[in-house]
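Trainee: I've got this structure open and I'd like to learn how to read it. Could you walk me through it feature by feature?

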Amino acid sequence: MKQCLALSVILAIVLPGVVYAHAKIVSTVPADGDFVTSPETFVLNFDNKVRLTGMELHTIEGVSAEERTLEGDILQLDFDPEASARSFTVAVPGLLQPGEYYLLWRCIASDSHFSTGEFFFTVISD
Ligand SMILES: [Cu+2]
């Protein structure tokens, strides 16, 4: 009886992780490391449904890799925090000046795990 109880406790802990999906980002537009002209949208594709909880566009200041700081201007992007989806397309607010940027995202998956990540891209002039 005690063993049976222990087993059901273990199953209760282990099973939710199996039933509910963990989520990973699979691709973005622009892709990490891309050189692009000022994009009109950002696309984030996940392997499972998530809700976005944060999305920030950061500029990278400095020219060489050593001079780079990650504390440039931060622009909060407009997204629907209620939307649960695998793919998100978010409008870029205006024209991005040539330079280096990174987009920081945060999300919560259906297994209630939070993830965060970023991708870097360079805007070049036409
Ligand atoms: Cu998870």
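Mentor: Sure. Start with Ala 23: setting aside neighbours within four places in sequence, Ala 23 is in contact with Phe 46, Asp 47, Asn 48, Val 50, Cys 107, Ala 109 and Ser 115. Keep in mind that this is a predicted model.

Trainee: Which residues have the most contacts inside the largest nonpolar core?

Mentor: Ala 23 is one of them, along with Leu 44, Val 50, Leu 52, Leu 103, Trp 105 and Cys 107, and the core has 16 residues. Strand S3 (41-60), S6 and S7 are the elements that give two or more residues to this core. S3 supplies the largest share, 6 residues.

Trainee: Let me step back, then. How many helices and strands does the protein have?

Mentor: You'll find 1 helix and 7 strands. Reading from the N terminus, the order is α-β-β-β-β-β-β-β. Of the 126 residues, 13% are buried.

Trainee: And how do I read the contacts across the whole chain?

Mentor: Look at how far apart the partners sit in sequence. Here, among contacts between residues at least 6 apart, 63% join residues at least 24 apart.

Trainee: Now the strands. Which strands does S3 pair with, and in what sense?

Mentor: Take them in turn. S1 and S3 run antiparallel and are joined by 4 bridges, and one pair to find is Val 29 with Val 43 in S3. S3 also pairs with strand S5 (residues 84-91), antiparallel, over 7 bridges; there, Phe 42 stands opposite Val 90. With S6, S3 has 10 bridges, again antiparallel, and Thr 59 has Tyr 101 in S6 as its bridge partner. Finally, 3 bridges join S3 to strand S4 (residues 74-76), antiparallel too, with Glu 56 opposite Gln 76 in S4.

Trainee: What about the backbone itself? Where is the cis peptide bond?

Mentor: Check omega. The bond from Val 29 to Pro 30 is cis, with omega near -5°. Pro 30 lies in the loop between strand S1 (25-29) and strand S2 (34-36).

Trainee: And phi? Which residue has a positive phi although it is not a glycine?

Mentor: That's Ser 112, with phi of about 65°. Ser 112 lies in the loop between strand S6 (99-109) and strand S7 (114-123).

Trainee: Is Ser 112 buried or exposed, and why?

Mentor: Count C-beta neighbours: 12 or fewer within 10 Å means exposed. Ser 112 has 8 inside 10 Å, so Ser 112 counts as exposed.

Trainee: Let me try another with that cut-off. Why does Phe 35 count as exposed?

Mentor: Because Phe 35 has 10 C-beta neighbours inside 10 Å. Phe 35 lies in strand S2. Leaving out residues up to four places away in sequence, Phe 35 touches Thr 122 and Ile 124. The C-alpha atoms of Phe 35 and Val 123 are separated by 5.9 Å, although these residues are 88 apart along the chain.

Trainee: Then where is Ile 124, and what is Ile 124 in contact with?

Mentor: Ile 124 sits in the segment after S7. Apart from neighbours within four places in sequence, Ile 124 contacts Phe 35, Thr 37 and Pro 98. With 11 C-beta neighbours inside 10 Å, Ile 124 counts as exposed. From Ile 124 to Glu 100 the C-alpha distance is 8.9 Å, and the two are 24 residues apart in sequence.

How values were computed:
Residues numbered from 1 in each chain as written. Predicted model: local features only at pLDDT ≥ 70, side-chain atom pairs only at ≥ 80, totals over all residues. Buried ≥ 20, exposed ≤ 12 C-beta atoms within 10 Å, placed from the backbone. Contact = placed C-beta atoms within 7 Å. Core = buried A, V, L, I, M, F, W, Y, C linked by C-beta atoms within 7 Å. Pairing = 2+ DSSP bridges.
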